[in-house]
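Visitor: Please pick a single part of this structure and give me a close look at it. Then tell me how the parts around it are arranged.

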Amino acid sequence: MLTLLAQNYGFLPTRGSVMLDFVFLAMFGVIVIMAASIALVRYRRLYNLHKWLQIILGVVLLLAVIAFEVDMRFFTNWRELAEPSPYYASGTVDTSLYIHLAFAIPTPLLWIYVIVMAVRNFPSPVMPNSYSNSHKFWARIAAIGMTMTAVTGWIFYYLGFVAS
């Protein structure tokens, strides 16, 4: 019964499960919050607010990824849900998933690295120092990775669960 609920009762008018629908929408919020956090530090110099937004976003993302993986591995047969897609039989859905995973797997690891190194290398309260340039470099790569994770995830969601 739990499997059926997870598979058949998404809240968007698609073939996606509740968790697929949730992650699809949540990534819009993640990108907006990430962009706002970057703007706060870049244009307003609100270093501590940036720090806490990133830590909170990182923890929320970690919990969401864990919940998503548990759902995908134990409750939702996403292939069954994607099978009616005109892109499924050709392998396009699988290809889009592999491209998505090329960003989705390394990005959280990089995000953790950026946060841990920032916490270790910036004073409290946060202010620029000799670590700032390294942080900017790795944080930009992490932000690009998160953006590409979202974009490729949205493409996968469309191809697998929206297209008909």
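Guide: A crossing of two helices is called left-handed if the near helix is turned anticlockwise from the far one by less than a right angle, and right-handed if it is turned clockwise. That term applies to the part chosen here, helix α3, since α3 passes α6 in a left-handed crossing. The contact involves Gln-54, Ile-55, Leu-57 and Gly-58 on the α3 side, and Trp-111, Ile-115 and Val-119 on the α6 side. Sorted by class, the residues of this contact between α3 and α6 are five nonpolar and two polar, with no charged residues. The axes of α3 and α6 come within 11 Å and cross at roughly 140 degrees. Two packed helices are described by the angle between their axes and the distance between the axes.

Before going further, note that this is a predicted model. The protein chain has seven helices and zero strands, so in order from the N terminus its elements read α-α-α-α-α-α-α. Along its principal axes, the C-alpha trace spans about 55 × 30 × 25 Å. Of the 164 residues in the protein chain, 35% count as buried. Contacts between residues at least 6 apart in sequence can also be sorted by separation: 70% of them join residues at least 24 apart.

Now back to the helix itself. α3 covers residues 47-74, which makes 28 residues. From its first C-alpha to its last, α3 reaches 40 Å, close to the 40 Å expected at 1.5 Å a residue. The buried residues of α3 are His-50, Gln-54, Leu-57, Gly-58, Leu-61, Phe-68, Asp-71 and Met-72. When reading such a list, keep in mind that an α-helix has 3.6 residues a turn, so residues three or four places apart point the same way.

One residue on that list deserves a separate look. Gln-54 sits in helix α3. Its relative accessibility is 12%, and the cut-off for buried is under 20%, so Gln-54 counts as buried. Apart from residues up to four places away in sequence, Gln-54 touches Met-34, Ser-37, Trp-111 and Ile-115. Trp-111 and Ile-115 belong to the α6 side of the contact described above.

The stretch just before α3 comes next. Arg-45 lies in the loop between α2, residues 18-43, and α3. Most residues other than glycine have a negative phi, and most peptide bonds are trans. Arg-45 is not a glycine, yet its phi is positive, at about 60 degrees. Arg-45 has a relative accessibility of 52% and therefore counts as exposed. Arg-45 is also one of the contacts of Leu-40, a residue of helix α2. Leaving aside neighbours within four places in sequence, Leu-40 is in contact with Arg-45, Leu-46, Leu-49 and Leu-53.

On the other side of the chosen crossing is α6, residues 106-121, and a loop joins α6 to α7. Pro-125 lies in that loop. The peptide bond between Ser-124 and Pro-125 is cis, with omega about 0 degrees. Asn-129 is in the loop between α6 and α7 too. With a relative accessibility of 28%, Asn-129 counts as partly exposed. Beyond its neighbours within four places in sequence, Asn-129 is in contact with Asn-121, Phe-122 and Pro-123.

After that loop comes α7, residues 132-162, which packs with α5, residues 92-104. The axes of α5 and α7 come within 8 Å and cross at roughly 165 degrees. Angles over 145 degrees count as roughly antiparallel, and α5 and α7 are therefore roughly antiparallel to each other. The crossing of α5 and α7 is left-handed. Residues in this contact include Leu-97, His-100 and Phe-103 of α5 and Met-148, Thr-152 and Phe-156 of α7. By class, the contact of α5 with α7 holds eight nonpolar, eight polar and no charged residues.

Finally, Phe-161 is found in helix α7. Phe-161 is buried, with a relative accessible area of 1%. Pro-13 is 148 residues away from Phe-161 along the chain, but their C-alpha atoms are separated by 9.6 Å. Not counting residues up to four places away in sequence, the residues that Phe-161 touches include Leu-20, Trp-78, Leu-81 and Phe-156.

Technical notes:
Residues are numbered from 1 along each chain as its sequence is written. This is a predicted model: local features need pLDDT of at least 70, side-chain atom pairs count only at pLDDT 80 or more; totals for chains, interfaces and linings use all residues. Side-chain values use heavy atoms; hydrogens and water are left out. Axes are lines fitted to C-alpha atoms, for helices over the stretch in contact, and angles run from 0 to 180 degrees between N-to-C directions. Helices (H or I, at least four residues) and strands (E, at least two) are DSSP runs, numbered from the N terminus. Angles under 35 degrees count as roughly parallel, over 145 as roughly antiparallel, 65 to 115 as roughly perpendicular and the rest as oblique. Contact means heavy atoms within 4.5 Å. Ala, Val, Leu, Ile, Met, Phe, Trp, Tyr, Cys and Pro count as nonpolar, Asp, Glu, Lys and Arg as charged, and the others, Gly among them, as polar. The expected span of a helix is 1.5 Å times one less than its number of residues. Buried means under 20% relative accessible area, exposed over 50%, partly exposed in between (1.4 Å probe, protein chains only).
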